[in-house]
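Colleague: Hello! I would like a close look at one part of this model, please, and a connected walk through what surrounds that part.

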Amino acid sequence: MNYNWNWGIYWQQSPEGTGTYAMLLLSGLQWTIITALCAWVIALAIGSAVGVMRTLPSKWANRFAGAWIELFRNIPILVQLFLWFFVLPELLPKTMGTALKQLPNAPFYIAVVGLGFATSARVAVQVAAGVKALPRGQTMAGYALGLSTAQTYQHVLLPMAFRIVLPPLTSEFLNLIKNTSVALTIGLLELTFRARTMQEYSFQVFEAFTAATVLYLILNVLVVFGARALERSVSVPGYMGGGK
Amino acid sequence: MDIIISFLGFFVSLIVSILQFLIPNFDGDVVNRSWQYLFFEGMRFTLLLTLMATVLGIALGTVIALMRLSGIAPLVWFATGYTTLFRSLPLVLVIFWFYFLLPYIGAWAWGMDRPMTVGAFNSALVTFTLFEAAYFAEIMRAGIQSIPKGQAAAGYALGLNYRQVMTTIVLPQAFRNMLPVLLTQTIVLFQDTSLVYVLALTDFLGAASKVAQRDGRLVEMYLFAAVIYFIVSFSLSLLVKRLQDRVAIIR
């Protein structure tokens, strides 16, 4: 075995001239977090809407939601990102396509939209499951009080449904963080990409990947703890570990 | 074989005509020229990797699940650490890890003084087996825990040992109960194999991408690849849904 370990590598300057290798990795981590958060906003917004549609009495809303979920769940995320990045600009009208290609930070925006849409299907499945998990009586009680369908969802069903699906949504968010690494294929400078950069510059492959691994683990732990705190703070007394 | 080729050919030309109908300047010719390469090189790799990693991953995952439930502290720690570690890392990073690590592990295991040449397929197979084993382990753990304790106790009361209780009573039922979930994970694995693209291997997506770049036909090849991935995953998930209904009725 002739691998030369050099754990001091993190404090050496990277050839990019923007600081040490540690800074290089941390800037990657930053992009990972920003991309995941922005994509999560899209995923949560679309996913909630589609998930609610899946539970509505309307047949067409139901079919649309079903089609949405199947479409985005059955194509690999890498292929979805390629469709957004390489294919979409060619299919749009010429001026729009060119504008999209020349967008500064295009990989970031594409990653946010692509991952957001892909994750929205998974969020929709969870939200629909949460609404369906509520007793039928709750919807009926809403109607009996004279609430409209929209009001029943807003005031009765969704507040409870979101509390129920908080744990599965947390794991979807963790999946999303991990999936941001797929966007390195379209040139997003996230953590795994930066670990690769460091490996290519310094040849210290295992140090680079170890650092990335540790950073991903820390990020995971932080999200899990944050989610637990959130679950506790929104828990309803008498329901699902809400105490008293 | 000829029947398969002509059936696939018909199927491909159907997809191409639909895409041509939807997108006016879609170049169907590039697909017609390359689909045999995509399926017999690319899809063969993808399916072989998916199947082998599933079988090996379920086997290893079951062992890890048994360790996790064994009650023997070091085994429990190892199994918990293993599943937690792999489940918190992105697959892309794990693919890179093993791509660089395996030659060194191989050299160490066989006592060579130079890093070993592992080969692209073997590297991918080891990566996906070890990675998916963590996910299969969690599924199998749930499956084993879903079997009432009384059944294992009854087995021990009959004089069976641990191995006999597991192989003849608990595991067969656990597999059966978890079959839909295991298959769903296999569909995820099928989609995940597309990530070997980062190592420039020729899986289905890799093959499509190579043709796309050679002929400058990104739109055609990536759309075609997306359609094929969708059809395969969607029909498999329909099958799983039917299976789930049947298992649910029997129980």
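Colleague: Could you take chain A and its helix packing? To begin with, among contacts in chain A between residues at least 6 apart in sequence, what percentage join residues at least 24 apart?

Modeller: Happy to! Please keep in mind that this is a predicted model. For chain A the value is 73%, counted among contacts between residues at least 6 apart in sequence. The chain is built from ten helices and has zero strands, so reading from the N terminus on you meet α-α-α-α-α-α-α-α-α-α, with the elements defined as DSSP runs. Its C-alpha trace spans about 75 × 55 × 30 Å along the principal axes, and 39% of the 244 residues in chain A are buried.

Now to one pair of helices in that chain. In general, two packed helices are described by the angle between their axes and the distance between the axes. Take helix α2 (residues 59-73) of chain A and helix α5 (residues 106-133) of chain A: their axes come within 8 Å and cross at roughly 125 degrees. That angle makes α2(A) oblique to α5(A), because it falls outside the 65 to 115 degrees that count as roughly perpendicular and is not over 145, where roughly antiparallel begins. The crossing of α2(A) and α5(A) is left-handed. On the α2(A) side, the contact is made by A:Ala65, A:Trp68, A:Ile69, A:Phe72 and A:Arg73. Facing them from α5(A) are A:Phe117, A:Ala118, A:Ser120, A:Ala121, A:Arg122, A:Ala124 and A:Val125. By class, the residues of this contact divide into nine nonpolar, one polar and two charged. The spacing in such lists has a general background: an α-helix has 3.6 residues a turn, so residues three or four places apart point the same way.

Chain A also touches chain B, and this contact takes 28 residues from chain A and 29 residues from chain B. On the chain B side, the elements giving two or more residues are α4 (91-109) and α9 (218-250). The largest share there, eleven residues, comes from α9(B). The side of chain B that touches chain A has 24 nonpolar and five polar residues, with no charged ones.

One more helix of chain B rounds off the tour. Helix α6 (residues 149-157) of chain B lies largely in the open, because the number buried among its nine residues is zero. Just after α6(B), B:Gly159 takes a positive phi of about 95 degrees.

Conventions: Residues numbered from 1 in each chain as written. Chains lettered and ligands numbered in written order. Predicted model: local features only at pLDDT ≥ 70, side-chain atom pairs only at ≥ 80, totals over all residues. Contact = placed C-beta atoms within 7 Å. Helix = DSSP H or I, 4+ residues; strand = E, 2+ residues; numbered from the N terminus. Nonpolar A, V, L, I, M, F, W, Y, C, P; charged D, E, K, R; others polar. Buried ≥ 20, exposed ≤ 12 C-beta atoms within 10 Å, placed from the backbone. Axes fitted to C-alpha atoms, helices over the stretch in contact; angles between N-to-C directions. Parallel < 35°, antiparallel > 145°, perpendicular 65-115°, else oblique. Left-handed = near helix turned anticlockwise from the far one by under 90°.
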